[in-house]
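Student: I would like a close look at a single part of this model. Please take one sheet and walk me through its pairing, its packing and what surrounds it.

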Amino acid sequence: MSEAPRIAVDDLWVGRDGRDGPIDVLAGMSLVVEPGEIVAMVGPSGCGKSTLLGVLAGLEAPSAGVVRLDGVDRPDRLGGLALMPQRDALLPWRTALDNVACSVGWSSARSGDDESRAMDALARVGLDGFEDHYPHALSGGMRQRVALARTLASGARAWLLDEPFGALDALTRAALHRELERAWRSVGSSVLLVTHDLDEAIVLADRVYVSSLRPGRIVAEVAVALGRPRAAADTTRPEFVRLKEELLGVLASTEAVA
Ligand SMILES: Nc1ncnc2c1ncn2[C@@H]1O[C@H](COP(=O)(O)OP(=O)(O)OP(=O)(O)O)[C@@H](O)[C@H]1O
Ligand SMILES: [Mg+2]
């Protein structure tokens, strides 16, 4: 994928076997990430956000609906979009550096250049000096940062990030927001970011989608027309507070409907 793609999700349905029979997890989910956009998605726990990212990444087939990349239905997209899963999927038998480098360049054959990109990505998430550590010797937040570095350095121009900053303290999280934005600018990628943190959504996204309780579908879309870069300090600005109140209002009405 040479350019940041337009990602379009059209009327997606996903079912699962629930305790009392089949359930719909996604029911008519439709959304768009324009080329080079950062789009956030918020919604109640269990509404199908991770399921959506799994379908987008090509890990799971929907029961109905279509995912288009640049207008083309691409059932063969597995590997083309870089997914950072909610639970880090690091390979326990590989060092931090090897975990990052194995995604660089789409290939297991690695050049010195790939390795320096991986080193650079680790440094950018604050992990220089930890290249040779194995995942078991890293904290949850450090593992999360290795997984983020792997995504940013993957070479893919579409990133699917599932609560990538959940395990981090406030300062590290703010630093990584800046790094994500920097990497996004320099690579030029289309990003779908799932988060529970409304401040994070407003700091990072061009638009925010709100999903309903399960079965998930989009119930609101809020544009974030604030200049970049936006710092954590911006959260007290009146425009920021107004956007947050709007999102909170939609989320509250979503829960009330259930
Ligand atoms: N492997 C599975 N088998 C059966 N049901 C599942 C499976 N994985 C998820 N589910 C169900 O699908 C629904 C959506 O799960 P999903 O993980 O996509 O939600 P989510 O929006 O990402 O939640 P959270 O915000 O807590 O991460 C949930 O009701 C969950 O119980
Ligand atoms: Mg999830």
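**The sheet around strand 8**

Tutor: Strand 3 and strand 8 pair in the parallel sense, over four bridges. This is a predicted model, so read every value as computed from it. Within that pairing, Ala40 has Leu193 of strand 8 as its bridge partner. On to the next pair. Strand 7 and strand 8 also run parallel, joined by five bridges. Here Trp159 finds its bridge partner in strand 8 at Val191.

How well is strand 8 covered? Five of its five residues are buried. Take the faces in turn. Ser190, Leu192 and Val194 are buried on one side, and Val191 and Leu193 are buried on the other. The general rule behind such a split is that side chains in a regular strand alternate between the two faces of the sheet.

Now the whole sheet. It is open, has six strands in the order 6-7-8-3-9-10, and its pairing is mixed. Strand 6 and strand 10 (218–223) stand at the edges. Each has a single partner strand, so one side of each is left without a neighbour in the sheet. On average, neighbouring strands are turned by 15° against each other, direction ignored.

Look at the strand 6 edge. Strand 6 runs parallel to strand 7 (residues 158–162), and three bridges join them. Met84 stands opposite Leu161 of strand 7.

Next, the helices. Helix 1 lies across strand 3 (38–42), strand 6, strand 7 and strand 8 (190–194). Its direction is at about 155° to strand 7. Helix 4 also packs on the sheet, where it touches strand 6 and strand 7. The direction of helix 4 makes about 170° with that of strand 6.

Helix 4 leads into the nonpolar interior. The largest nonpolar core has 51 residues. Those with the most contacts inside it are Val100, Leu122, Val146, Trp159, Phe165 and Val208. Helix 4 (residues 140–152) gives the most to this core, with six residues. The core draws at least three residues from each of domain 1 (7–81 + 156–257) and domain 2 (90–155). Val146 shows the contacts in detail. Leaving aside neighbours within four places in sequence, Val146 is in contact with Leu90, Ala96, Asn99, Val100, Leu122, Leu127 and Leu138. A second, separate core has 26 residues, including Val9, Val25, Leu26 and Val39.

Helix 1 leads to the metal. The magnesium ion (ligand 2) has Ser50 (OG) and Gln86 (OE1) as its protein donors, 2.0 to 2.2 Å away. Ser50 lies in helix 1 (residues 49–57), while Gln86 is in the loop between strand 6 (82–84) and helix 2 (96–101), so the pair ties together parts that are 36 residues apart in sequence. Ser50 counts as partly exposed, at 32% relative accessibility. Gln86 is partly exposed too, at 41%.

Finally, the loops that follow some of these strands. Glu163 lies between strand 7 and helix 5 (170–187). Its phi is near 45°, a positive value in a residue other than glycine. Glu163 is buried, with a relative accessible area of 17%. Pro215 sits in the loop between strand 9 (207–211) and strand 10. A cis peptide bond joins Arg214 to Pro215, with omega about 0°. Beyond strand 10, Pro229 lies in the loop that leads to helix 7 (238–257). The peptide bond from Arg228 to Pro229 is cis, with omega near -10°.

Key
Residues numbered from 1 in each chain as written. Chains lettered and ligands numbered in written order. Predicted model: local features only at pLDDT ≥ 70, side-chain atom pairs only at ≥ 80, totals over all residues. Heavy atoms only, no water. Donors = N, O, S within 2.8 Å, 3.2 Å for Na, K, Ca; no water. Helix = DSSP H or I, 4+ residues; strand = E, 2+ residues; numbered from the N terminus. Buried < 20%, exposed > 50% of the residue type's maximum accessible area, 1.4 Å probe, protein only. Core = buried A, V, L, I, M, F, W, Y, C linked by side-chain atoms within 4.5 Å. Domains from an automatic or database assignment. Contact = heavy atoms within 4.5 Å. Pairing = 2+ DSSP bridges. Axes fitted to C-alpha atoms, helices over the stretch in contact; angles between N-to-C directions.
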